[in-house]
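Trainee: I would like to learn how to read individual features of a model. Please show me the structure, and we can go through it step by step.

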Amino acid sequence: MPLPIAHGLIGASLVAASRKGFTLRRDGWPVMFGMLLGMAPDLDLFLSWGLGFGTKVHGGFSHSLVIALAAGAGLSIILKETSISRVLAYMAAAASHGLLDACTKKEFGGSAILWPFSNQKYKLGIFSNYEFYPNPASQTWREMLDQAARIGLQEFLFVMPLFLLIVAGQMIAQRSRNSAAEVTRSERSGKDTE
Ligand SMILES: [Zn+2]
């Protein structure tokens, strides 16, 4: 699985890209919620590790597109969000998790993106660079943490530039809108005083 870093940054990027008139002050929280939606499906690890249901539970229902749509809609209702594009962005942030997992699995795991219609865990089966299956029975904590840190760093270097690019692009776009509005305002006030 990609670690929460990649999932969170992709969820945050999708929400950041959907906000018109983006400012960090106004959109910081929504972007944070996008990050949490992107990470949330892996809470099923609590069932696997915490409650002892085993790793087979992981990648199941919480990774489904139906649950993603419901999670995005639920958060939008809580936040009283009425803009369709913003609601869709929350849904996409949640859905990106299962899809990304499916794309980055080769031999093991996969994600049940079609649950409840199918329990099959889909995987693209092409590359597995980010697969991380810690096994406390055969690995020491140090080995597991080392592996998590190595994969986490790879993910960060890969996905962080995308997130920064979107946020920077949004801020530049907003700045140019502001200065265009300023020019129009000053032209108007110039005409009024003529
Ligand atoms: Zn996952």
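Trainee: Is Asp146 buried or exposed?

Mentor: This is a predicted model, and burial is judged here by counting neighbouring C-beta atoms. Asp146 is exposed, because 12 other C-beta atoms lie within 10 Å and a residue counts as exposed at 12 or fewer. Asp146 belongs to helix H6, which covers residues 141–193. Its C-alpha atom is separated by 34 Å from that of Ala89, a residue 57 places away along the chain.

Trainee: Which label does His97 get by the same count, buried or exposed?

Mentor: His97 is buried, since 30 other C-beta atoms lie within 10 Å and 20 or more are required. His97 lies in helix H5. Apart from neighbours within four places in sequence, its contacts are His7, Gly38, Pro41 and His63. Between the C-alpha atoms of His97 and Pro161 there are 18 Å, with 64 residues separating the two along the chain.

Trainee: How is the confidence of the prediction to be read?

Mentor: Through pLDDT, as a mean for the chain and then for each element. The protein chain has a mean pLDDT of 89, and 97% of its residues reach 70 or more. Among the elements, H4 has the highest mean, 97, and helix H3, residues 45–50, has the lowest, 78.

Trainee: How does one describe two helices that pack together?

Mentor: Two packed helices are described by the angle between their axes and by the distance between those axes. Here, take H4, residues 65–78, and H5, residues 84–103: their axes come within 8 Å and cross at roughly 145°. The crossing of H4 and H5 is right-handed.

Trainee: Which residues of H4 and H5 make the contact?

Mentor: From H4 there are Leu65, Ala68, Leu69, Ala71, Gly72, Ala73, Leu75 and Ser76, and from H5 there are Val87, Tyr90, Met91, Ala93, Ala94, Ala95 and Gly98. By class, twelve residues of this contact are nonpolar, three are polar and none is charged.

Trainee: What can be said of Met91 on its own?

Mentor: Met91, in helix H5, counts as buried because it has 21 C-beta neighbours inside 10 Å. Leaving aside neighbours within four places in sequence, Met91 is in contact with Ala68, Leu69, Gly72 and Ala73. Ile113 is 22 residues from Met91 in sequence, and their C-alpha atoms are 14 Å apart.

Trainee: How do I check the length of a helix such as H4?

Mentor: Compare the end-to-end C-alpha distance with the span expected from the residue count. H4 has 14 residues and should span 20 Å at 1.5 Å a residue; the C-alpha atoms at its ends are 20 Å apart, so the two agree. For H2, with 16 residues, the distance from first to last C-alpha is 21 Å, close to the expected 22 Å.

Trainee: Which residues of these two helices, H4 and H2, are buried?

Mentor: In H4 they are Ile67, Ala68, Ala71, Gly72, Leu75 and Ser76. These pack against helix H2, residues 24–39, and H5. In H2 they are Asp27, Pro30, Val31, Phe33, Gly34, Met35, Leu37, Gly38 and Met39. Their cover includes helix H1, residues 4–18, as well as H4 and H5.

Trainee: What should I look for in the backbone of the loops?

Mentor: Most residues other than glycine have a negative phi, and most peptide bonds are trans. Lys80 is not a glycine, yet its phi is positive, about 55°. Lys80 comes just after H4, in the loop between H4 and H5. Lys80 is exposed, because 6 other C-beta atoms lie within 10 Å.

Trainee: Where is there a cis peptide bond?

Mentor: The cis bond joins Trp115 and Pro116, with omega about 10°. Pro116 is placed in the loop between H5 and helix H6.

Methods: Residues are numbered from 1 along each chain as its sequence is written. This is a predicted model: local features need pLDDT of at least 70, side-chain atom pairs count only at pLDDT 80 or more; totals for chains, interfaces and linings use all residues. Axes are lines fitted to C-alpha atoms, for helices over the stretch in contact, and angles run from 0 to 180 degrees between N-to-C directions. Helices (H or I, at least four residues) and strands (E, at least two) are DSSP runs, numbered from the N terminus. A crossing is left-handed if the near helix is turned anticlockwise from the far one by less than a right angle, and right-handed if clockwise. Two residues are in contact if their C-beta atoms, placed from the backbone, lie within 7 Å. Ala, Val, Leu, Ile, Met, Phe, Trp, Tyr, Cys and Pro count as nonpolar, Asp, Glu, Lys and Arg as charged, and the others, Gly among them, as polar. pLDDT is the predictor's confidence in each residue, from 0 to 100.
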